[in-house]
Amino acid sequence: MKTEESIEPSYDSGRKSKTSTRRLWRDLTLLLVGTCILFGTAIGARDLWNPNEAIYGRAVVEMNERGDWLVPTVNGKVFAEKPILYYWGALAASSAFGEINELSLRVPSFIAGVLSVLLIYLLVQPYTGSRQALIAAALLATQYEVFWSGRSVQMDILVLVTTLGMLLPLSRMLDFGLSPRWAWPTVGLVAGVGLLAKGPITCIVPAAVFLSYCASRRLNPKIMNTGFPLALLLSAVVAATWYGALYLQGQSEVLKEVLYRQNFSRFSNAWDHVQPWWYYLKYFWIEFAPWALLVPAAIALKTNGSKEFALRRLAWGWITVVIFFFSLSESKRAPYILPGAPAVAILSAAVIERLITGTLTALQRRTALGAFGLVSTLFSIGGIILWFSIPARYPDLGAEARILSLVFIVSGLILLLAIAFHDDHKSFAPAALLAGTIAFYLTASIFVLPSMNERK
């Protein structure tokens, strides 16, 4: 039974609430500025690269020339490989910039990348507090595939942001008392956007993650009765802005291609990108590098209370669902598992937070420091190889290669020193790896990638 004291807020609780709100906005502002710099620096400096950027860019050009925002074409032929959201975003950005160029074509991915970083902070913060949420957001932004997709004409980054956009209100509803009457409509709106972004897959993945989490918590499925029908209605209304328009214009072949053939047929009877079942067990470590190397240290990691335990359970189920689901299809590409990136960031952030506070077990500590040591070695060896091999094979890229080599070598040595002095300065190793990763990304963006245009 609630007492009078618990019902009436005190002055101290009000002050704490204001402090928490200020910290929330401070953190979000910091993340917004940081990710805009990380994803936006020299984003238009390189050409459109094969295999996807050039063809998607051409579709935007032809839609603009025809004044048709409904059906993408390439060289005059209908191009219904993906739904419409990216093209709308690119056309809107190009209109704002006054021309279609590399920058305007990458704006939709840039926005999706920035939003993903902000959303993971909002998802994690009530479970663990601000510090671990900030760490998780930083790790998400600096995962290889997230960084690259946020700077490229890439559809899978849209699946990442809509997955987070649906799981955020659902987690608030399940674990923090958000009314289903608010949560489900939000989910429905985001799901509709997802259907416009990459079709049914954008709803299937978060739905599977949500259901697996409910099953692991043994939650009552009746929670779907309140607001869920409205979510379905809203998602259909949003999706109908394009799919419905196609139907009214008699574009049945476009609907069949984009909904059925590119989703269900490709999944069940692949005609391209055919890979073995273990494909993602390999690319998991590459796509989510460098932070995926910390995931093994998160096994059996102790939690600080039931809320963090719930978040950890959500993250493990999230990774499992994504890897298992996409492994079922013969058609596999590394970016397909991008929706699993937030779960990697969540688990790795928990390891880093405990490494900093010194609360890991001896085995977990050795595993984490071993991962940092491996990255330090790869940085150093990779830098040395670049220094000697690239200028010899490609003299025109010699200067850029040596700049990147120096970044690799210096970052590797600093990380090695940070590991050596870990007992005295427990935050140095994670900070050194984060700084080295950012330095590598920015150096590549400014100096290396633009110089590779002719070869690419």
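The following exercises, each with a worked solution, concern a helix, two pockets and a loop residue of this structure.

The model is predicted: local features need pLDDT of at least 70, side-chain atom pairs count only at pLDDT 80 or more, and totals for chains, interfaces and linings use all residues. Residues are numbered from 1 along each chain as its sequence is written, and side-chain values use heavy atoms, with hydrogens and water left out.

**Exercise 1. Identify the buried residues of helix H14 and state how they are arranged.**

Solution. Helices are DSSP runs of H or I with at least four residues, numbered from the N terminus. Buried means under 20% relative accessible area, with a 1.4 Å probe and protein chains only. In H14, residues 279-287, the buried residues are Tyr-279, Tyr-280, Phe-284 and Glu-287. Viewed down the axis of H14, these residues fall within an arc of 125 degrees, so they line one face of the helix. The arc is taken from the directions from the helix axis to the C-beta atoms. The cover over the buried residues of H14 includes helix H7 (144-149), helix H15 (306-327) and helix H16 (341-357).

**Exercise 2. Describe the largest pocket by its volume and its lining.**

Solution. A pocket is an open set of points on a 1 Å grid over the protein atoms alone, where a 1.4 Å probe fits, with protein on both sides within 12 Å along at least five of seven lines; lining residues have an atom within 4 Å of a point. A volume is the space filled by probe spheres set on the points, which are joined across faces, edges and corners. For the largest pocket this is about 1100 Å³. Its lining has 45 residues, and Tyr-144, Glu-145, Trp-148, Ile-286 and Glu-287 lie nearest the centre. H19 gives the largest share of this lining, six residues.

**Exercise 3. Describe the second largest pocket in the same manner.**

Solution. The volume of the second largest pocket is about 390 Å³. Of the 22 residues that line this pocket, Ile-201, Gln-262, Asn-263, Arg-266 and Phe-267 lie nearest its centre. Two or more lining residues come from each of helix H8 (156-176), helix H10 (201-217), helix H13 (252-268) and H15. H13 gives the largest share, six residues.

**Exercise 4. Locate Ser-329 and determine whether this residue is buried or exposed.**

Solution. Ser-329 lies in the loop between H15 and H16. Its relative accessibility is 3%, so Ser-329 counts as buried. Apart from neighbours within four places in sequence, Ser-329 is in contact (heavy atoms within 4.5 Å) with Arg-266 and Phe-267. Both of these partners are among the residues nearest the centre of the second largest pocket.

Key: Buried means under 20% relative accessible area, exposed over 50%, partly exposed in between (1.4 Å probe, protein chains only).
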